[in-house]
Amino acid sequence: MHSPRDFYRPLAVGAPDPVREIPFRPSRMIHFFDPSNPKMVAKAPQIAAGVDILLGNLEDAVKSENKEAARAGLVQVAKENDFGETQLWTRVNSLDSPWGLDDLTTLVTEIGDKLDVIMVPKVEGPEDIHYVDRLLAQLEAKAGLQRPILVHAILETARGMTNVEDICTASPRMQGLSLGPADLAANRRMKTTRVGGGHPGYLVRQDPTDGAIDGPRSVYQQDLWHYTIGRMVDACAAAGILPFYGPFGDIKDVVACEDQFRNAFLLGCVGAWSLHPVQIEIAKRVFSPDPADVLHAQAVIEAMGDGSGALMIDGKMEDDASVKQCQVMVSLAHQLAE
Ligand code: GLV
Ligand code: MG
């Protein structure tokens, strides 16, 4: 029986990054499907072939009367298919719901050997992760599983945000965090009504360019999620786990979806949720570094030789810290190409 700790490779002395490292697996999109819907169950193998992570959703968006059908549908999908390199995840019901315990018990017992990660919603603090961790340890031992199931928490309450650092380090099973903007907005009493994305009222107005109060001025809509993503990314990076942006509910607005995903990518997130096939392609494009940026990063690394000192390249100063940034970009491009 392996312990979750065996999963993590200690970094070499002097390595730039955190205390432990999750083995790399492409994770640009967590694609949600509803296993209570027989059509989606039938389509799951086809969808799995085009995504990095396929997630059977048991929580919100599945009607209460369909919770058991969803659980059974996911068991069927996992038993009938081998998804190869594609990761299989589930989002279980919350720990205070009537279904959370049965979700964990059934799924680990029936398909624990197929499940890579369990996403736990509405995590409020490290105690929620401790509970899941101990329960998984028992269920894995009973089922004779050889590989620990990892845990991913959704940040979607003000209390969860407040405890974000402790959640990240609550167990060696922690794989990452997602931002859950819809529940978080409700819990914080924000005045939004959609799932993720911006709001036309959240903006900054430029001072009038000619000094007159009614003079010409531009208006810039702001990112409602900037602070939250930044806080989540720091907590994850410090703990060596992976940050993800969550859902973008306006499926038709592919442009704004791409902007939201790109903001998250630029701030350090590794992926986002996809709720519809159009969002799979957006996530793939956004969370894979742009080839032009990779070429530029490679040129900086080469020009910097041993990586120390300073150079001017195209009028811009580059030094040891720019080499480290460029290495992030180049190594992600290599990992995704493998
Ligand atoms: C996701 O679960 C969200 O609440 O945004
Ligand atoms: Mg939610």
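**Exercise 1. Which residue of strand 2 stands opposite phenylalanine 33?**

Solution. Keep in mind that we're working with a predicted model.
- Start with the two strands: strand 1 covers residues 29-33, and strand 2 covers 53-57.
- Next, check how they run: strand 1 and strand 2 are parallel, joined by four bridges.
- Now go to phenylalanine 33, and you'll find glycine 56 of strand 2 across from it.

**Exercise 2. Find the partners of strand 1 in strand 10.**

Solution.
- Strand 10 spans residues 272-274, and three bridges tie it to strand 1 in the parallel sense.
- Take methionine 29: alanine 272 is what stands opposite it in strand 10.
- Move on to isoleucine 30, whose bridge partner there is tryptophan 273.

**Exercise 3. Place these strands in the whole sheet, and work out which strands sit at its edges.**

Solution.
- A bit of background: strands of a sheet pair through backbone hydrogen bonds, and the pairing can be parallel or antiparallel.
- Here, eight strands make up an open sheet, with parallel pairing and the order 9-6-5-4-3-2-1-10.
- Look at the two ends of that order: strand 9 (242-244) and strand 10 are the edge strands, each pairing on one side only.
- Between neighbours in this sheet, the turn averages 25°, ignoring direction.

**Exercise 4. Is strand 1 buried or exposed?**

Solution.
- A residue counts as buried if 20 or more other C-beta atoms lie within 10 Å of its own.
- Try one side: Met29, His31 and Phe33 are all buried.
- Try the other: Ile30 and Phe32 are buried too, so to speak, "both faces covered".
- That makes five of five residues buried, so strand 1 is largely enclosed by the rest of the structure.

**Exercise 5. Describe how two helices lie on the strands.**

Solution.
- Helix 1 (residues 38-48) lies across strand 1 and strand 2, and its direction is at about 165° to strand 1.
- Helix 8 (residues 226-239) packs on the sheet as well, touching strand 5 (150-155), strand 6 (174-179) and strand 9.
- With the direction of strand 6, helix 8 makes about 175°.

**Exercise 6. Which helix gives the most residues to the shell around ligand 1?**

Solution.
- List the surroundings of ligand 1: Asp60, Ile154, Glu156, Gly180, Pro181, Ala182, Asp183, Val195, Gly246 and Pro247.
- Helix 7 (residues 181-188) contributes the most, with three residues.
- Sort the shell by class, and you get five nonpolar, two polar and three charged residues.

Technical notes. Residues numbered from 1 in each chain as written. Chains lettered and ligands numbered in written order. Predicted model: local features only at pLDDT ≥ 70, side-chain atom pairs only at ≥ 80, totals over all residues. Pairing = 2+ DSSP bridges. Axes fitted to C-alpha atoms, helices over the stretch in contact; angles between N-to-C directions. Contact = placed C-beta atoms within 7 Å. Near = placed C-beta within 6 Å. Nonpolar A, V, L, I, M, F, W, Y, C, P; charged D, E, K, R; others polar. Buried ≥ 20, exposed ≤ 12 C-beta atoms within 10 Å, placed from the backbone.
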